[in-house]
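Visitor: Please walk me through this one slowly, since I am new to reading structures.

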Amino acid sequence: MRKLDRVLRSVADKQVMLTFIGESGVGKEVLARRAHELSDRRNGPFVPINCAAIPESLFESELFGHERGAFTGASERARGKVEAADGGTLFFDEIGEMPAPMQAKILRFLDNRRFMRVGGTTKLEADVRLMCATLRPLAQDVRAGRFRADLYYRIEGVTLQVPPLRERRSALMPLIRQFIAETTARHRVEPPRLTRPVRAVLLQYDWPGNVRELRNIIERLCLLRGGRQVRLHDLPEHMQAPDELAAGVAGPLVLSLDDGLDAMVRKIVEAALIEAGGDTRRAATRLRISSRTIQRYIATGQVRVPHPG
C-alpha cells in the first residue's frame, strides 16, 4: 500500500487517466478521491457514477443530462454527471459494466470534450478528468468482446492494482482504530473495548467484503457495544471463532520440539502479532527482529496473521 501511495502521489497532479483494479470494497473510490484531492483539480467537484447501478435506458440521461420533454417524465431540464463534474473529476466505478452504446458516446466525448443533453440540439463542453475502477482487468473484457478496444486504449493511462484486505493484514488494526474514531464521533457514542480474542478473530478473518465489510462491522460494534467490552458472541455468527481460539489467545504460548523449527517460529511470530494487535513494528520490537522480517513471513505465507498457537 505504501508503494501504491507513492505511485498515486507521483501521477495525481498529471493529466493522465487512472484506472483502479481490485475486488469490491477494497477502497478504489477512496483512492480515486485521494488522487483528486492531490491534483490541481482539488477545488473542483469529484463526481462518481456506478456503471453497474444505472439501467441502460437511463444511462445517457444520467451521464449527459436531458432537456425538458426529452422523454416521458422529463418535466424539466436536468444536468448530467459530465456537466456536474466540469472543472473536476468524473469517476466511473465498474466501468466494465457500461452498456456498449454508451461506450461509443463516451469515446466521442473524450475525443473533443463536447456533448449534448438528451433531446437537446446545442453542443456543450466540459473540462473533466476521467478516473475508472473495475473488478477485473479491462483487457479481459476486450478479448471477450464486452468492452470496446478503442475505448480501452483511450482510457488505459496508468493502472493501479489495489490489493484485497486479506493481503494487507498489517493495515487492519489502523483501519479498525480509524473506523471506531469516525463512528463514535458521528453517532456520539463511547468507543467499544475490543478484547484480545475479538482482536484475534478480526485479524484472522479473511474479509471477503474488504474495507466495506470491515467498516460496517465496526459500526455495528460501536452502536451495540459502545463503552463496553466486545466479546466473541457480539461478532456476527459467521465470524465467531471456536472456543479453542479464544483459549489459545488468552492462554500461554505452548511450543513442542516435535513441531519443528518452522512451526515454532510461526507460532512465536503469530503470538507476538496478536499481542501487538496486528502491528508488525510493535511485534518486531517485542521479538527484537526487524519489521521487514515479519512482513516477509506474512508475504510468503509462513505466517497466517494472526493465528494463535
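**A tour in questions**

Guide: Let us start with Trp207, which counts as buried because its relative accessibility is 0%, where buried means under 20% relative accessible area, exposed means over 50% and partly exposed lies in between, using a 1.4 Å probe and protein chains only. This is a predicted model, in which local features need pLDDT of at least 70 and side-chain atom pairs count only at pLDDT 80 or more, while totals for chains, interfaces and linings use all residues. Residues are numbered from 1 along each chain as its sequence is written, and side-chain values use heavy atoms, with hydrogens and water left out.

Visitor: OK, and where is Trp207 along the chain?

Guide: Trp207 lies in the loop between helix H9 (196-204) and helix H10 (210-225); helices (H or I, at least four residues) and strands (E, at least two) are DSSP runs, numbered from the N terminus. Trp207 is not a glycine, yet its phi is positive, about 50°.

Visitor: Which aromatic pair does Trp207 form?

Guide: There are six aromatic pairs in the count, where rings of Phe, Tyr and Trp (its six-membered ring) pair if their centres lie within 6.5 Å, and planes under 30 degrees apart are stacked, over 60 edge-to-face and the rest tilted. One of them joins Trp207 to Tyr205 in an edge-to-face arrangement, with 4.7 Å from centre to centre and 85° between the planes. Tyr205 is buried, as is Trp207.

Visitor: New topic: what else has a positive phi, though it isn't glycine?

Guide: Glu94 does, with phi near 55°, and Glu94 sits in the loop between E3 and H5.

Visitor: How much of Glu94 is accessible?

Guide: The relative accessible area of Glu94 is 22%, so this residue counts as partly exposed.

Visitor: And the inside, how many residues are in the largest nonpolar core?

Guide: The largest nonpolar core holds 30 residues, and Leu63, Leu90, Phe92 and Ile155 have the most contacts inside it; such a core is a set of buried Ala, Val, Leu, Ile, Met, Phe, Trp, Tyr and Cys residues joined through side-chain atoms within 4.5 Å.

Visitor: Which elements feed into this core?

Guide: Among those giving two or more residues are strand E2 (46-50), helix H3 (56-64), strand E3 (89-93) and helix H5 (100-112). H5 contributes the most to this core, with five residues.

Visitor: Back to rings, then: which residues form one aromatic cluster?

Guide: Phe64, Phe109 and Phe115 make up one aromatic cluster.
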